[in-house]
Amino acid sequence: VQLQASGGGLVQAGGSLRLSCAASGRTFSSYYMGWFRQAPGKERDFVAVISFSGGSTHFADSVKGRFTISRDNAKNTVYLQMNSLKPEDTAVYYCAAVRYYTMNINDYDYWGQGTQVTVSS
């Protein structure tokens, strides 16, 4: 599976962005899809994960209530809708694929290249 993340950019605090992650291959619906982020000088952290069908999701406490994750298996794409953005959300955002439910970064098999999100105060 090859992943291509897009949709990052510069936004003011309180604004919104929607990230997309397009996957190649015919087995996209066989993978849980996750989003992670890495701020400068920090480790890459879990943000959200979505199940095969999209019926189950889980979020990091820091984004709960502000971010949503969804997927369109017909388009081989997973989305991260980010609302009420804060300066501390500034990071490079990565999408990733795994065969089972996990929030552990080390379990993910495939990674996209990352897209920069910058939130100004």
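**View 1. Asp 89 and Arg 66 meet in a salt bridge.** This is a predicted model. The side chains of Asp 89 and Arg 66 come together with an N to O distance of 2.7 Å. Asp 89 lies in the loop between S8 and S9, and Arg 66 in the loop between strand S6 (57-59) and strand S7 (67-72), so the salt bridge ties together parts 23 residues apart in sequence. Both Asp 89 and Arg 66 are buried.

**View 2. Asp 89 also forms a salt bridge with Arg 37.** Here the closest N and O atoms are 2.9 Å apart. The pair links distant parts of the chain, 52 residues apart. Asp 89 is in the loop between strand S8 (77-82) and strand S9 (91-98), while Arg 37 is in strand S4. How buried are the two partners? Asp 89 has 0% relative accessibility, so it counts as buried. Arg 37 has a relative accessible area of 12%; buried means under 20%, so Arg 37 is buried.

**View 3. Arg 37, Arg 66 and Asp 89 form one network.** Salt bridges that share partners join these residues. Asp 89 takes part in the bridge with Arg 37 and in the bridge with Arg 66.

**View 4. Asp 61 and Lys 64 form a salt bridge.** The closest N and O atoms of this pair are 3.1 Å apart. Is Asp 61 buried or exposed? Asp 61 has a relative accessible area of 66%; exposed means over 50%, so Asp 61 is exposed. Lys 64 has a relative accessible area of 46% and is partly exposed. A search of the whole structure finds 3 salt bridges, and the Asp 61 and Lys 64 pair is one of them.

**View 5. The largest pocket holds about 160 Å³ of space.** Its lining has 15 residues. Which of them are closest to the pocket centre? They are Arg 37, Ala 39, Lys 42, Asp 45 and Glu 88. Arg 37 is also the salt-bridge partner of Asp 89.

**View 6. Strands S4 and S5 each give two or more residues to the lining of the largest pocket.** Strand S4 spans residues 32-38, and strand S5 spans 44-50. Which element gives the largest share of the lining? S5 does, with 3 residues. By class, the lining of the largest pocket has 6 nonpolar, 3 polar and 6 charged residues.

Terms used: Residues are numbered from 1 along each chain as its sequence is written. This is a predicted model: local features need pLDDT of at least 70, side-chain atom pairs count only at pLDDT 80 or more; totals for chains, interfaces and linings use all residues. Side-chain values use heavy atoms; hydrogens and water are left out. On a 1 Å grid over the protein atoms alone, a cavity is a set of points where a 1.4 Å probe fits but cannot get out, and a pocket is an open set with protein on both sides within 12 Å along at least five of seven lines; lining residues have an atom within 4 Å of a point. Grid points are joined across faces, edges and corners, and a volume is the space filled by probe spheres set on the points. Helices (H or I, at least four residues) and strands (E, at least two) are DSSP runs, numbered from the N terminus. Ala, Val, Leu, Ile, Met, Phe, Trp, Tyr, Cys and Pro count as nonpolar, Asp, Glu, Lys and Arg as charged, and the others, Gly among them, as polar. A salt bridge is a side-chain nitrogen of Lys or Arg within 4 Å of a carboxyl oxygen of Asp or Glu. Buried means under 20% relative accessible area, exposed over 50%, partly exposed in between (1.4 Å probe, protein chains only).
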